[in-house]
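Let's take a walk through this structure together. Keep the sequence and the 3D view side by side as you read.

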Amino acid sequence: MDSTQYFLVAATVTALCFLLALHAVRSIAFSRAPKSEGGDFATSAAKRVCNCVCSCNGGFADGDMVVGAAAAAERVTGASMMEQLVPEITTHALSYLDYPSLCRLSMTNSLMRKAANDDNAWKALYHKDFTLEQDSVTPANGWKAYYAATRAIVNINAEFFNIIKERSIQAMSHFWRNADYVKCVHASGELFSGYNAVVQSWQLAFNWEHGVNFQVRDVRARVLTDMAWVTMKTFVDIDSGPFNVTNIYEFHNGRWYMVHHHSSVMLMDAEVEQQLVHA
Amino acid sequence: MSSSKSNKIVKLESSDNKTFEVEEAVAVQSETLKNMVDDGCANDTIPLPNVNGKILEMVLGWCKKHVDETVTGDELNKYEADFLDLDQADLYGLLMAANFLNVKGLLDRVLQRVADMIKGKKPEEIRRIFNIKNDFTPEEEEEIRLENAWAFD
């Protein structure tokens, strides 16, 4: 008796699993066959109209696709629109989102997570928000992680300039790595080596200068696992600057520290002078 | 193949057998239809079995408005804004039709609208708006929260 009951339960569960799998496969099949569906209709429509070769999307002629598309469309109304979007539209749609929205979308469900974590989408966003450089780079953990790391470094780099604006020596001493190999080359051309000398040099700078207001532009960051370097241009005022700046950071104990700063006067040519005037 | 575009009429038939006649200039806003016209395949009625009458009418209205030279820039902007005030089912249908018919301007506008519906919303709100079912386990939810924490300082 028991074994028969057990068999019935097992059979029912198996049947349910099979039905769910079938449903899942059908959903995937529809969301994966967009171009061929569209192409199929265009091609068969063209064939019905005339015998000439039309340059519509190539597709696989399959009568079942007609019924399938209609069924899929029916299932869509009232069901999840985002999930039923064909891949080519999804990728295009993702390109309209900013990074917080893309992240929040990935948190909605597993299908959205896969779509919104798409490597190419994050690479495109990286190029849009940061730089077109590094196009040939293949980040070790994928482009989403690389975008996240870049955003973290760019924020920290901005923090460096805030500290200078506020002339807070306490913040600056916290910002640098306490080590003997750290170096700082100020715009004056003086090199300071080792943590203590570097912090002292900033103390001097803060004592002498009034609050400076400057613009930072063309920030380019290259982020590796434990090290990052950032180049930028700073524009102060007509009298001083603009400067080429390079900052280098190291990652220790869960945070980034500055280990190198180098500022040098930018060689002025006609193009740069024009930029300054229009700044 | 006709070279004077001003007189040619293109006939279209939706999935629910409604026919529409539009000027060639209007029809070729759709890259798909433009290719057909250029290849000389648009002499008879073109069947569009995966676009229904309601949606096709909307798309053609859009195309007509964009070809009309008497419409000012402001009018066009207002038209586009009102045009996209649709429920989700229509928005989806429009999206699929704009993609299939390859009407670039319309596709961009609809995608922008969908993006605007997502922007600034929390995941629970996004799920509600788009009827997305949450299929994460509590462990996965935590994993995902950590994975995305960097974006929400």
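In what order do the elements of chain B run from the N terminus on? The order is β-β-α-α-β-α-α-α-α-α-α. If you tally them up, chain B has three strands and eight helices.

Before going further, keep in mind that what you see is a predicted model. So how much trust does chain A earn? Its average pLDDT is 76, and 64% of its residues reach at least 70. Residues 29–78 of chain A are another story, with a pLDDT below 50. In the model, that stretch still makes 64 contacts beyond near neighbours in sequence. Be careful here, though: where pLDDT is low, the predicted coordinates shouldn't be read in detail.

Back to chain B. It's made of 153 residues, and 39% of them count as buried. Now look at who touches whom: of the contacts in chain B with a separation of 6 or more, 58% are between residues 24 or more positions apart. On the outside, chain B exposes about 8,100 Å², with 46% of that supplied by carbon and sulfur atoms.

Let's zoom in on one pair of helices in chain B. Helix α6 (residues 104–118) and helix α7 (residues 123–130) have axes that come within 9 Å and cross at roughly 135°. That angle is neither over 145 degrees nor within 65 to 115, so α6(B) and α7(B) are oblique to each other. Which residues make the contact? From α6(B) come B:Val114, B:Met117 and B:Ile118, and from α7(B) come B:Ile126, B:Ile129 and B:Phe130. Sort the residues of this contact by type and you get six nonpolar, no polar and no charged.

Terms used
Residues numbered from 1 in each chain as written. Chains lettered and ligands numbered in written order. Predicted model: local features only at pLDDT ≥ 70, side-chain atom pairs only at ≥ 80, totals over all residues. Heavy atoms only, no water. pLDDT = per-residue confidence, 0-100. Contact = heavy atoms within 4.5 Å. Helix = DSSP H or I, 4+ residues; strand = E, 2+ residues; numbered from the N terminus. Buried < 20%, exposed > 50% of the residue type's maximum accessible area, 1.4 Å probe, protein only. Areas by Shrake-Rupley, 256 points an atom, 1.4 Å probe, with all protein chains shown as cover. Axes fitted to C-alpha atoms, helices over the stretch in contact; angles between N-to-C directions. Parallel < 35°, antiparallel > 145°, perpendicular 65-115°, else oblique. Nonpolar A, V, L, I, M, F, W, Y, C, P; charged D, E, K, R; others polar.
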